[in-house]
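Visitor: I'd like to go through this one with you and ask how each label is earned. Can you put it on screen?

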Amino acid sequence: MDRKQVTGWVAAYEQAWRTPGTEVLATLFTEAASYLQGPYRTPVIGLPAIARMWEVERDGPAEVFHLTSEIVAVEGDTAVARVEVRYGDPVEQEYRDLWIMRFAEDGRCRSFEEWPFQPA
């Protein structure tokens, strides 16, 4: 992976969050991917489980949010991004996250680890 590919993956992730259904997740994650929503959370394992979690966690494709990201590092199959998400208009909730992603050879994510931070 390189920075351009990771930037494209993050953009595709955002677009998927805005898209009805979960079929698009197969283009982002491998069948056996793990998705960790926080450092002390139990990982969600496998594409079907990720799809179920995805539907529970989001308010739907019409959810109002603004996402910005910066790729911090890419080395081999591993990338780190700093992501800021602000929900609502006006903003009701916001997060600053670090995403650690490990990619398969085909460019899909095989391991996604999120470190979310909220304002105090």
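Visitor: What makes β3 and β4 a pair of strands?
Guide: Bear in mind that this is a predicted model. Two strands pair if there are at least two bridges between them. Strand β3 (residues 65-75) and strand β4 (residues 78-87) have 10 bridges, in the antiparallel sense, so they qualify as a pair. One of the matches puts serine 69 with valine 83 of β4 as its bridge partner. In this hairpin, 2 residues sit between the strands, and glycine 76 takes a positive phi near 60 degrees.

Visitor: How do you know that β4 and β5 pair?
Guide: By the cut-off of at least two bridges. β4 and strand β5 (residues 93-103) are antiparallel over 10 bridges, so they pair. Threonine 78 stands opposite arginine 102 in β5. The hairpin of β4 and β5 has 5 residues between the strands, and there glycine 88 has a positive phi near 95 degrees.

Visitor: Why does the span of helix α1 agree with what it should be?
Guide: Helix α1 (residues 3-17) has 15 residues, and at 1.5 Å a residue these should span 21 Å; the end C-alpha atoms are 21 Å apart, so the two agree.

Visitor: Which residues of α1 are buried?
Guide: Val6, Trp9, Val10, Tyr13, Glu14, Ala16 and Trp17. They cover an arc of only 160 degrees around the axis, so they are on the same side of α1.

Visitor: What makes aspartate 2 a cap for α1?
Guide: A side-chain oxygen of aspartate 2 lies 3.1 Å from the backbone nitrogen of lysine 4, at the N-terminal end of α1. A polar contact needs the N or O atoms within 3.5 Å, so this one counts.

Methods: Residues are numbered from 1 along each chain as its sequence is written. This is a predicted model: local features need pLDDT of at least 70, side-chain atom pairs count only at pLDDT 80 or more; totals for chains, interfaces and linings use all residues. Side-chain values use heavy atoms; hydrogens and water are left out. Helices (H or I, at least four residues) and strands (E, at least two) are DSSP runs, numbered from the N terminus. The expected span of a helix is 1.5 Å times one less than its number of residues. Buried means under 20% relative accessible area, exposed over 50%, partly exposed in between (1.4 Å probe, protein chains only). The arc is that of the directions from the helix axis to the C-beta atoms. A polar contact is a pair of N or O atoms within 3.5 Å; within protein, one must be able to donate a hydrogen and the other to accept it, and residues adjacent in sequence count only if both atoms are side-chain atoms.
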